[in-house]
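User: Please take a close look at one part of this model, the helix pairing in its second half, and describe how that part is put together and what surrounds it.

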Amino acid sequence: VWGMALSKQERWAEAGQQFQRALAKTPDHQGARQGLSKALLRQGRAEEAARQALRAVRLSEGRDAEALLALADAYEATGHRHERRRVLGQA
């Protein structure tokens, strides 16, 4: 919840820390992975963001459109445009 609130305020570094705390307790929390991905992407850490977004998609078994869109954003930032198009098609 704190991570989401800090994200709304665009306090990305602090939001990332809160998502990491949540993941320390519950590593399979798909929403926290997705939130961490967004926070990392906003901090210019695209490769790390893509890894977290991919984990979020896997945790949702590819069924969460928002997780897929977050992964597409991360792929765009890393220059993986082919992967981005594939993920957008899946979304």
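Analyst: What follows goes through helix α5 and its two partner helices, then the nonpolar cores, then some single residues. The model is predicted, so every value here is computed from predicted coordinates.

Start with α4 and α5. Helix α4 covers residues 46-59 and helix α5 covers residues 65-78. Their axes lie 8 Å apart and make an angle of about 155°. Angles over 145 degrees count as roughly antiparallel, and α4 and α5 are therefore roughly antiparallel to each other. The crossing of the two is left-handed. On the α4 side the contact is made by A46, E47, A49, A50, A53, L54, A56 and V57. On the α5 side it is made by A67, L68, A70, L71, A74, Y75, A77 and T78. Sorted by class, the residues of this contact are 14 nonpolar, one polar and one charged.

The other partner of α5 is α6, residues 81-90. The axes of α5 and α6 come within 8 Å and cross at roughly 165°. This pair is therefore also roughly antiparallel, and the crossing of α5 and α6 is left-handed. From α5, the residues in the contact are L68, L69, L71, A72, Y75 and E76. They meet R81, E83, R84, R86, V87, L88 and Q90 of α6. The make-up of this contact is seven nonpolar, one polar and five charged residues.

Two of the loops beside α5 each hold a residue to look at. The loop between α4 and α5 contains E61. Phi of E61 is near 55°, which is a positive value in a residue other than glycine. E61 counts as exposed because its relative accessibility is 57%. The loop between α5 and α6 contains H80. With a relative accessible area of 37%, H80 is partly exposed. Apart from neighbours within four places in sequence, H80 is in contact with E47 and Y75. E47 is one of the α4 residues in the contact with α5, and Y75 is an α5 residue listed in the contact with α4 and in that with α6.

Next, the nonpolar cores. In soluble globular proteins, nonpolar side chains tend to be buried together. The largest nonpolar core here has twelve residues: L6, A15, F19, L23, A32, L36, L40, L41, A46, A49, A50 and A74. The elements giving two or more residues to this core are α2 (12-25), α3 (30-42) and α4. Its largest share, four residues, comes from α3. L41, a member of this core, is in contact with A46, A49, D73, A74 and A77 once neighbours within four places in sequence are set aside. A second, separate core has eight residues, among them A53, L71, A72 and V87. Of these, A53 and L71 are part of the contact between α4 and α5, while A72 and V87 take part in the contact between α5 and α6.

Two buried residues add detail. A70 sits in helix α5 and counts as buried because its relative accessibility is 16%. Not counting residues up to four places away in sequence, A70 touches Q34 and A53. The C-alpha atoms of A70 and L88 are separated by 9.8 Å, and the two residues are 18 apart along the chain. Q30 sits in helix α3 and, at 19% relative accessibility, counts as buried. With residues up to four places away in sequence left out, Q30 touches A56, L59, S60, D64 and A67. Of these, A56 and A67 also belong to the contact between α4 and α5.

One further residue, E10, lies outside this part. E10 is in the loop between α1 (2-8) and α2. Phi of E10 is near 60°, again a positive value in a residue other than glycine. E10 counts as exposed because its relative accessibility is 57%. From E10 to Q30 the C-alpha distance is 20 Å, with their positions 20 residues apart in sequence.

To sum up, α5 packs roughly antiparallel to α4 and roughly antiparallel to α6. The contact with α4 has one charged residue, and the contact with α6 has five.

Key:
Residues numbered from 1 in each chain as written. Predicted model: local features only at pLDDT ≥ 70, side-chain atom pairs only at ≥ 80, totals over all residues. Heavy atoms only, no water. Axes fitted to C-alpha atoms, helices over the stretch in contact; angles between N-to-C directions. Parallel < 35°, antiparallel > 145°, perpendicular 65-115°, else oblique. Left-handed = near helix turned anticlockwise from the far one by under 90°. Contact = heavy atoms within 4.5 Å. Nonpolar A, V, L, I, M, F, W, Y, C, P; charged D, E, K, R; others polar. Core = buried A, V, L, I, M, F, W, Y, C linked by side-chain atoms within 4.5 Å. Buried < 20%, exposed > 50% of the residue type's maximum accessible area, 1.4 Å probe, protein only.
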